[in-house]
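Dear colleague,

Please find below the sequence and structure that I am handing over to you. I should be grateful if you would look through the model alongside my notes.

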Amino acid sequence: MRRTIKGNVSWVGYIDWELQTFHGDDYSIMNGSSQNAYLVEEEKTVLIDTVWTPHGSKFLDNLREEVGLENIDMIIMNHGEADHSGALPDLMREIPETPIYCTANAVKSLEGQYGKNGWDLRTVKTGDSVEIGNGKKLVFVEMRMLHWPDSMATYLTGDSVLFSNDAFGQHFAVGGLFNDTADQCLLEKEAMKYYANILNPFSSFVTKKLEEISSLGLPIDVIAPSHGVIWREKPLEIVEKYAEWANAYQEDQLTIVYDTMWEGTAAIAHEIAVAATRVSPGTVVKVFNCSKADKNEIMTEIFKSRAVAVGSPTVGNDILTSVSSIVHFMRSLKFKNKKAAAFGCYGWSGESVKILKEKLADAGFLVVDESIRSMWKPNSEELASAEPLAKALLK
Ligand code: FEO
């Protein structure tokens with residue numbers, strides 16, 4: 001079935017209610033997802049993106065029924081990643097002569113994944129356009145590093161629809177498709193999680209691209225991304241959010257992340273939480289044991305924070321692997337302008353705090369001098385030093 005988006009634009013994607021992970025198992029999905037593909041039917045019939053391979057046969061059957069594969073005049077591949085290109089090889093077996101419009105980098109990604117198949121790949125750059133009849137055209141905007149080198153957006157004149165691909169998307173299944181039909185709390189949470197975990201490392205590209213799109217002066221009535229809701233009500237709000245998120249975003253929040261062996265480091269984590277609330281009552285404080293909590297949710301909380309405290313006991317002259325992994329992830333997301341402190345228990349050698357401070361500094365955090373390093377079990381004096389640590393982070 002097709003779902004009308006606006007004018008002669010319809011959605012022909014797949015709502016993945018039961019998807020639990022993405023990018024292998026690296027991104028947790030709590031509220032489903034979707035792979036959005038679109039049909040634009042003017043004098044030319046245009047397919048924008050496809051779906052992931054497991055849903056490819058359903059997708060093709062639907063296109064056969066709705067439009068007839070042979071009636072598709074052109075395909076736009078905004079991005080070569082498998083969740084959007086997975087059904088393309090089967091589609092091209094049926095309509096091998098159909099031109100595919102994409103960036104030069106997408107040629108590399110499509111041929112890299114599916115081989116050189118003799119497809120009619122037509123490379124486009126920002127500002128290039130193709131006429132589709134009825135006075136309308138599709139204008140292409142390269143979206144390099146949002147989030148792959150091959151990423152692109154396509155703008156439909158007349159209806160003013162921006163098919164933004166991954167940008168402005170969320171892993172979020174919404175039966176009503178449009179943003180005004182979604183649970184608004186979950187929508188904001190999932191949009192932010194997507195930005196924090198996928199786009200944050202490319203924030204400088206996001207800022208420049210938003211300025212470039214704005215300078216084009218294109219009216220935008222609908223933003224139709226490749227995952228999650230279609231933004232038809234106040235579509236520019238998500239663009240404004242992106243501008244805010246790309247600019248070293250922070251709220252008044254402290255996130256405390258730790259793992260523990262015999263509860264000593266846990267006790268320090270909880271004491272820091274109490275002290276933080278005392279020294280800065282307006283600050284939202286959250287505590288996560290990183291061996292138990294979801295790492296993508298933790299990253300979203302860190303994204304929102306102005307400060308973090310990270311704790312690990314010393315084991316084997318090092319830190320616990322769970323904490324090492326989380327700090328490594330924090331580093332890869334390239335957070336900016338956030339303070340950090342380290343804490344941890346030890347029995348004899350006690351390197352964890354020093355290692356954590358080095359790792360947090362290397363991850364781009366502004367590490368404060370205050371830390372808590374406790375032998376065997378935190379005593380009352382050590383627990384009392386949670387207060388100066390919290391002040392250093394929050395005052
Ligand atoms: Fe939704 Fe980068 O693929």
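The notes that follow concern the nonpolar cores, one helix pair and the last helix discussed here.

Please bear in mind that this is a predicted model.

The largest nonpolar core comprises 62 residues, and those with the most contacts inside it are F168, Y242, W245, I302, M330 and F365. Helix α5 (residues 184-199) supplies the largest share of this core, namely 8 residues. Because domain 1 (3-245) and domain 2 (253-394) both contribute residues, the core lies between them. Another core, of 26 residues, lies apart from it and includes V161, A173, A224 and I230.

W245 deserves a separate look. Neighbours within four places in sequence aside, W245 is in contact with A191, M192, Y195, N200, S203, I238 and F303.

W245 also takes part in the meeting of α5 and α7: E188, A191, M192, Y194, Y195 and L199 of α5 meet I238, K241, Y242 and W245 of α7. The axes of α5 and helix α7 (residues 236-245) come within 12 Å and cross at roughly 45 degrees; the two helices are therefore oblique to each other. Their crossing is right-handed.

Finally, I turn to helix α13 (residues 386-394), whose buried residues are A386, L389, A390, A392, L393 and L394. These buried residues pack against two helices, α8 (264-279) and α12 (380-384), as well as against the strands β17 (253-258), β19 (307-311), β22 (339-346) and β23 (366-375).

Yours sincerely

Definitions and conventions
Residues are numbered from 1 along each chain as its sequence is written. This is a predicted model: local features need pLDDT of at least 70, side-chain atom pairs count only at pLDDT 80 or more; totals for chains, interfaces and linings use all residues. Side-chain values use heavy atoms; hydrogens and water are left out. Buried means under 20% relative accessible area, exposed over 50%, partly exposed in between (1.4 Å probe, protein chains only). Helices (H or I, at least four residues) and strands (E, at least two) are DSSP runs, numbered from the N terminus. Contact means heavy atoms within 4.5 Å. A nonpolar core is a set of buried Ala, Val, Leu, Ile, Met, Phe, Trp, Tyr and Cys residues joined through side-chain atoms within 4.5 Å. Domain bounds come from an automatic or database domain assignment. Axes are lines fitted to C-alpha atoms, for helices over the stretch in contact, and angles run from 0 to 180 degrees between N-to-C directions. Angles under 35 degrees count as roughly parallel, over 145 as roughly antiparallel, 65 to 115 as roughly perpendicular and the rest as oblique. A crossing is left-handed if the near helix is turned anticlockwise from the far one by less than a right angle, and right-handed if clockwise.
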